[in-house]
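Trainee: Before us is a structure whose descriptive terms I would like to see justified. May I ask, for each term, what value stands behind it?

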Amino acid sequence: MNSILIGGSDDPNIKSLKPYFNNFIDIKSNIVWNLNKDYITINNKLFNPTSLFYKYNYFETNETNNIIQNFNCSLLHNYIQYKKKLKIFNRHHFVRPIQKLTNLMLAKNLGFNIPNTEYSKGDGKQLKVVKPIDGGMYTEEGTSTKYSCIIQEKIIGYNKRLYLINDKYFCFKINTDFLDYRDDDKSTIDLCDVSKDTLNKSFRLAKKLKLNFCSLDFMTNTKDWFLEINTNPFFSEFNKITNNKLAKTLHEELNK
């Protein structure tokens, strides 16, 4: 199996996958796609991959390297869309924008519990959870915002993250008192159970969105409250808890 892993050498997610792939290519490499002869070369080496996993390197800080990375990501999007037989996770989502609100409505229609949610600037009175409509920014608390965004009621409970890889799954409890665990350097992660009902609905939502690799975030108390689904999730810290089984499963399921 000619599988290629493409990403940043300093990305912990990529590092966890490198032992399982035949070829690792840095995302800043010289990638050439000859359209007339339809072959791809990377650093002057010819490749004809049967499977590919790539991840944007959010840890890159050099401006020039980021420009190269952006151009190479656009090239890969084109290559992936043309090569229909190339095995890759979430093929249908490379050209789609982030759709948090749509996904919340789809989850609600499948029977998930979702917090009271609206897209607005808030009422300036009641404390709410404030999220960007797109990715990137962290979740915060507030009563109002300068620009409209996702405003949700605050659910008291603990964070739960569920990874789906085809028909396989891994579920984790995130131990933190912070609203966004990424702000908490002392947060810890444990494996945990997930109810059959939540698991079935999660697989149904992933299927509806044509996702074969994703993570779902919940806030859990007496029940699971669906928060969002991630189409290109970070997983390195969670992988450590599984003794690298999550990373190994990603490679195995990609190359079935």
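Trainee: Why is F59 called partly exposed?

Mentor: The model is a predicted one, and in it F59 has a relative accessibility of 37%. Buried requires under 20% and exposed requires over 50%. The value for F59 satisfies neither condition, so F59 counts as partly exposed. F59 lies in the loop that links β6 (51-54) with α2 (63-82).

Trainee: What makes F59 eligible for a nonpolar surface patch?

Mentor: A patch residue must have over 30% relative accessible area. F59, at 37%, passes that cut-off, and therefore partial exposure is no obstacle. The patch itself is made by Y58, F59 and F234 and covers about 310 Å².

Trainee: Why is S187 called partly exposed?

Mentor: The relative accessible area of S187 is 23%. Because buried means under 20% and exposed means over 50%, S187 belongs to the category in between. S187 is part of the loop between β12 (168-175) and β13 (188-191). Its C-alpha atom is 8.2 Å from that of D177, a residue 10 positions away along the chain.

Trainee: What makes helix α6 mostly covered?

Mentor: Of the 10 residues in α6 (residues 245-254), 7 are buried, that is, under 20% relative accessible area. Those buried in α6 are L246, A247, T249, L250, H251, E253 and L254.

Trainee: How do you know that β1 is paired with β2 and with β6?

Mentor: Pairing requires at least two bridges between two strands. Strand β1 (residues 3-7) is joined to β2 (residues 23-26) by 4 bridges, and 4 bridges also join β1 to β6. Both counts satisfy the requirement, so both pairs are accepted. Each pair runs parallel. In the β1-β2 pair, I4 stands opposite N23; in the β1-β6 pair, S3 faces S51.

Trainee: Why are β2 and β6 called edge strands?

Mentor: The open sheet has 3 strands in the order β2-β1-β6, paired in parallel. β2 and β6 each have a single partner strand, so one side of each lacks a neighbour in the sheet. On average, neighbouring strands of this sheet are turned by 20° against each other, direction ignored.

Trainee: What makes the unit of β1, α1 and β2 right-handed?

Mentor: The criterion is a clockwise path from the first strand over the helix to the second, with the strands pointing away from the viewer. The unit formed by β1, helix α1 (residues 12-17) and β2 is classed as a right-handed β-α-β unit, so its path runs clockwise in that view.

Definitions and conventions. Residues are numbered from 1 along each chain as its sequence is written. This is a predicted model: local features need pLDDT of at least 70, side-chain atom pairs count only at pLDDT 80 or more; totals for chains, interfaces and linings use all residues. Side-chain values use heavy atoms; hydrogens and water are left out. Patches are made of residues with over 30% relative accessible area and no salt bridge: like charges are joined within 9 Å, nonpolar side chains (Val, Leu, Ile, Met, Phe, Trp, Tyr) within 5 Å. Accessible areas come from the Shrake-Rupley method with a 1.4 Å probe; for residues, only the protein chains shown count as cover. A salt bridge is a side-chain nitrogen of Lys or Arg within 4 Å of a carboxyl oxygen of Asp or Glu. Helices (H or I, at least four residues) and strands (E, at least two) are DSSP runs, numbered from the N terminus. Buried means under 20% relative accessible area, exposed over 50%, partly exposed in between (1.4 Å probe, protein chains only). Axes are lines fitted to C-alpha atoms, for helices over the stretch in contact, and angles run from 0 to 180 degrees between N-to-C directions.
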